[in-house]
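Please look over the sequence and the model shown here. Keep both at hand while reading the report.

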Amino acid sequence: MDRALLKRNAKINFKKQWGDAIVITLIMYGVGFVASLLMIPAQMAAPSDTAIMLSMVSPFILLVFSILVLPVFQVGAIRFFQKLRMNVPTGISEVTGNFKDGNLKNIVLTNLIMYIKIYLWTLLFIIPGIIKTYEYRLIPYILAVRPDIDRKEAFRLSKLLMMKIREVQFSLQL
């Protein structure tokens, strides 16, 4: 397909559910906003016992929120936009669908392992962490298509796809 055809198809599909797409985008911004609000107690400078306790608990709450909630919404939003792109019937419930079906555990564990791997690679030096972050970039997209996929297979596919993308980008530069 050429770019013009892709653009025309995208416009046609988007016109059908533009309201849902805007609501899902706002939901994702709202989830990000909640995550940023969780850091406010950690930044308070009041020297009270409550402020000190909040500053110690707030990063932990943010970490738990970022690992347990954010990826599930992210995978749901990606699934919505993929279905919208392919002209498959979908709706706002796609974002929270991972909470209802049996794939929540797999999505959370796969993302948790991804974050741990990136963190451990970053401990070596910064560059390996950046490389692994790039390598694992497609895991949420893979989980959006196949939320029941084996973790090892998701990591393998992400690495393989990113290597193919790099090859294509390199060949386009020549």
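The report below takes up confidence, salt bridges and a few single residues.

## Confidence

The model is predicted. Its mean pLDDT is 83. Of the residues, 87% reach 70 or more.

Confidence varies by element. Helix α3, residues 40-43, has the lowest mean pLDDT of the elements, at 57. Helix α9, residues 139-145, has the highest, at 93.

## A salt-bridge network between helices α5 and α6

The structure holds 6 salt bridges. One of them pairs the side chains of R79 and E94, with 3.6 Å from N to O. This pair links distant parts of the chain. R79 sits in helix α5, which spans residues 70-85. E94 sits in helix α6, which spans residues 93-100. The two residues are 15 residues apart. R79 and E94 are both buried.

E94 also forms a salt bridge with K83. Here the closest N and O atoms are 3.3 Å apart. This pair, too, links distant parts of the chain, from K83 in helix α5 to E94 in helix α6, 11 residues apart. The two partners differ in exposure. K83 has a relative accessible area of 25%, so it is partly exposed. E94 has a relative accessibility of 13%, so it counts as buried; the cut-off for buried is under 20%.

## The R146–D148 pair and the shared partners

Another salt bridge joins the side chains of R146 and D148, at 3.8 Å from N to O. R146 is partly exposed because its relative accessible area is 43%. D148 reaches 53% relative accessibility and therefore counts as exposed. The cut-off for exposed is over 50%.

Which residues are joined into one network by salt bridges that share partners? They are R79, K83 and E94.

## L70 in helix α5

L70 lies in helix α5, the helix that also holds R79 and K83. Is L70 buried or partly exposed? Its relative accessible area is 26%, so L70 is partly exposed.

Residues up to four places away in sequence are not counted in its contacts. On that basis, L70 touches V31 and F65. L70 and V108 are 38 residues apart along the chain. Their C-alpha atoms are separated by 9.3 Å.

## N87 in the α5–α6 loop

N87 is found in the loop between α5 and α6. Those two helices also carry the partners R79 and E94. N87 has a positive phi of about 60 degrees, although it is not a glycine. Most residues other than glycine have a negative phi.

How exposed is N87? Its relative accessibility is 44%, so N87 counts as partly exposed. The partly exposed class lies between the 20% and 50% cut-offs.

## N111 in helix α7

N111 lies in helix α7, which covers residues 104-124. Its relative accessibility is 0%, so N111 counts as buried.

What does N111 contact, leaving aside its neighbours within four places in sequence? N111 is in contact with P71 and L143. L143 falls within the residue range 139-145 of helix α9. P71 falls within the residue range 70-85 of helix α5.

Note on methods. Residues numbered from 1 in each chain as written. Predicted model: local features only at pLDDT ≥ 70, side-chain atom pairs only at ≥ 80, totals over all residues. Heavy atoms only, no water. Helix = DSSP H or I, 4+ residues; strand = E, 2+ residues; numbered from the N terminus. Buried < 20%, exposed > 50% of the residue type's maximum accessible area, 1.4 Å probe, protein only. Contact = heavy atoms within 4.5 Å. Salt bridge = Lys/Arg side-chain N within 4 Å of Asp/Glu carboxyl O. pLDDT = per-residue confidence, 0-100.
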